[in-house]
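Thanks, everyone. I'll keep this short. Please have a look at the model first.

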Amino acid sequence: MVRLSPDTDRDGRAVPVGVIGLVGGVVGGLIGGGSGVLFVPALDRFTAMSRTRIHGSSTIANIGVCVAGAAAYALGGGSLDLRTGAGLIVGGTVGGWIGPKLLARASETLLRVLLVAVLVLTAAKLLVDALGVPLLGGAVVPASLVADPWFLYPTATVVGLVIGAWAGAMGLGGGLLAVPAMVLLFGTDLHVAAGTSLLMFIPNSIVGTVVHLRQGTASGKWGTVLAVTAAPGTVAGAVLGLALDAVVLGLVFGTFATAMAARETVGLVRLRRE
């Protein structure tokens, strides 16, 4: 495969990366973030950037995805949980500062393994639920505790910190973790979780972008192209997500995560052979 310089594509134009942004935006709007699971392998295919810079550039792109997606979900039916979201936003913002610093020390193999693990767990949870066999019988946290602000806000903040650090490092938008976490831990409806996840990662993506650019683990050029072109796709994906039944959305989310896990596993095997 012909490899390209960090800031050029196969034709010397931004068109392929722009298309990647548009398609990734649809994915992000549909599943509440997680566009990076498309951005990362696509940038790996169409540019010669290191894996670290690819993940950092994806973080920049997530600004466009999250702003457009959160607005679309809010205007399309008020599908945001601000009670749970408040703690997630605070924790996620702090995590957005920590994550890029961790990324700078991570190996490419570790990054791929972590991504595959999250994708497999996410797919298993959502597909099993969609097929009518809910794992753990529903939400882990009792409704009485979720209703208690003294429990909800600190817990959501800690959850947001962990997910935010992971998202800030990996540049995947966090939806692949945040959405299942809200559904599994707090019993949030899947549509509401998707919209809240997008809102949560607006400050996370901004903070992560600043850190990535300062330490040189991102391409400002390609990250900006992806962010701009992803915005209209995100709106379209959000509209589609709101129109789908929760079971169908879970099947879409789970199937997509499975496909991306398979793709990254193949990449990991090839990397080890090389």
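Let's start with Ser-205. Is Ser-205 buried or exposed? Its relative accessible area is 2%. The cut-off for buried is under 20%, so Ser-205 counts as buried. Keep in mind that this is a predicted model.

Where does Ser-205 sit? It is part of helix H9, which covers residues 190-215. What does its side chain meet? A polar atom of that side chain lies 2.7 Å from the backbone oxygen of Phe-201. Beyond the neighbours within four places in sequence, Ser-205 contacts Thr-59, Asn-62, Ile-63 and Cys-66.

Now the UniProt record. The entry is unreviewed, and it lists several stretches as "transmembrane region". Among them are 54-76, 82-98 and 192-213. In the model, residues 54-76 are 96% helix, with 32 Å between the end C-alpha atoms. Residues 82-98 are 100% helix, and there the end C-alpha atoms are 24 Å apart. Neither span has any strand: 0% for 54-76, and 0% for 82-98.

Next, helix H10. It runs over residues 220-243, 24 residues in total. From first C-alpha to last it reaches 34 Å, close to the 34 Å expected. Still, there is a kink of about 35° at Ala-231, shortly before Pro-232. Buried residues in H10 include Trp-222, Leu-226, Ala-230 and Gly-233.

Last, the packing. The largest nonpolar core has 59 residues. Val-37, Phe-39 and Leu-119 have the most contacts inside it. Take Val-37. Leaving out residues up to four places away in sequence, Val-37 touches Leu-115, Leu-119, Leu-172, Leu-176, Phe-256 and Met-260.

Notes. Residues numbered from 1 in each chain as written. Predicted model: local features only at pLDDT ≥ 70, side-chain atom pairs only at ≥ 80, totals over all residues. Heavy atoms only, no water. Helix = DSSP H or I, 4+ residues; strand = E, 2+ residues; numbered from the N terminus. Buried < 20%, exposed > 50% of the residue type's maximum accessible area, 1.4 Å probe, protein only. Polar contact = N/O pair within 3.5 Å; in protein donor to acceptor, adjacent residues only side chain to side chain. Contact = heavy atoms within 4.5 Å. Core = buried A, V, L, I, M, F, W, Y, C linked by side-chain atoms within 4.5 Å. Expected span 1.5 Å × (residues − 1). Bend = angle between axes of the 7 residues up to and from the residue. UniProt positions renumbered as here; feature names shortened; annotations may be inferred.
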